[in-house]
Amino acid sequence: AVVSTQSGPYAGLIPFYKKAHILPIYQRIFFKVCLLTHKSVHSTAPDYLKALLDVDVADTELSNTMTRSKRPGDHLMLKVPKNKKSKVDDRRFSSHAPIAWNSLPLMLRCITDTNCFKRMLKNHLYNQF
């Protein structure tokens with residue numbers, strides 16, 4: 001589909017994106033990474049994706065044996081792997097997904113329904129730009 005705009009070649013596309021309800025490229029990538037991570041955390045993704053992530057679920061039995069309690073916002077956080085500081089390591093799904101997932105608000109991370117998560121995540125991203 002061809003989309004015609006009244007903007008010149010050097011005009012910013014952000015107003016057009018807002019009007020057309022389209023996320024910018026970097027936010028579309030973030031959306032897709034968070035969606036795949038959501039499916040992995042809630043066990044609806046393929047096994048090869050679930051194997052790349054390490055979920056740090058706050059369990060009631062574990063919290064009773066721990067000396068320090070976890071913060072309330074630590075629910076469903078992912079462990080960020082310690083990698084070398086190279087561009088290739090930062091672009092891996094196993095490195096980027098935990099950072100993106102942990103940056104989401106707790107109310108988004110706790111949603112179990114995928115369709116509801118997509119809708120709420122898109123609203124969250126629209127409110128950011």
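In the predicted model, phenylalanine 30 is placed in helix H2, which spans residues 25–41. Leaving out residues up to four places away in sequence, phenylalanine 30 touches Ala100, Ser103, Leu104 and Leu125. The C-alpha atom of phenylalanine 30 also lies 9.4 Å from that of histidine 96, although 66 residues separate the two along the chain.

Helix H2 also contains histidine 38. This histidine is buried, its relative accessible area being 0%. When neighbours within four places in sequence are set aside, the contacts of histidine 38 are Trp101, Ile111, Thr112, Asp113, Thr114 and Phe117. Two of these partners, tryptophan 101 and phenylalanine 117, are themselves buried.

A search of the whole structure returned 1 aromatic pair. The pair is formed by tryptophan 101 and phenylalanine 117, with ring centres 5.9 Å apart; because the planes meet at 40°, the arrangement is classed as tilted. Distant parts of the chain are linked by this pair, since tryptophan 101 belongs to helix H6 (residues 93–102) and phenylalanine 117 to helix H8 (residues 114–128), with the two positions 16 residues apart. A further ring is involved in a contact with a charge: the charged end of lysine 122 sits over the ring of phenylalanine 31, at 6.0 Å from the ring centre.

Helix H6 is largely enclosed by the rest of the structure, because 7 of its 10 residues are buried. The buried positions of H6 are Phe93, Ser95, Ala97, Pro98, Ala100, Trp101 and Asn102. Among them, Ala100 is touched by phenylalanine 30, whereas Trp101 is in contact with histidine 38.

Across the chain as a whole, 8 helices and 2 strands were assigned. Their order from the N terminus is α-α-α-β-α-β-α-α-α-α. Of the 129 residues, 29% count as buried. The accessible surface amounts to about 9,200 Å², and carbon and sulfur atoms contribute 57% of that area. Among contacts between residues at least 6 apart in sequence, 56% connect residues at least 24 apart.

The average pLDDT of the chain is 76, and 71% of the residues reach a score of at least 70. Residues 59–69 have a pLDDT below 50, and this stretch makes 0 contacts in the model beyond near neighbours in sequence. Where pLDDT is low, predicted coordinates should not be interpreted in detail.

Conventions. Residues numbered from 1 in each chain as written. Predicted model: local features only at pLDDT ≥ 70, side-chain atom pairs only at ≥ 80, totals over all residues. Heavy atoms only, no water. Helix = DSSP H or I, 4+ residues; strand = E, 2+ residues; numbered from the N terminus. Contact = heavy atoms within 4.5 Å. pLDDT = per-residue confidence, 0-100. Phe/Tyr/Trp six-rings, centres within 6.5 Å; stacked < 30°, edge-to-face > 60°. Buried < 20%, exposed > 50% of the residue type's maximum accessible area, 1.4 Å probe, protein only. Lys NZ or Arg CZ within 6 Å of the ring centre and 35° of its normal. Areas by Shrake-Rupley, 256 points an atom, 1.4 Å probe, with all protein chains shown as cover.
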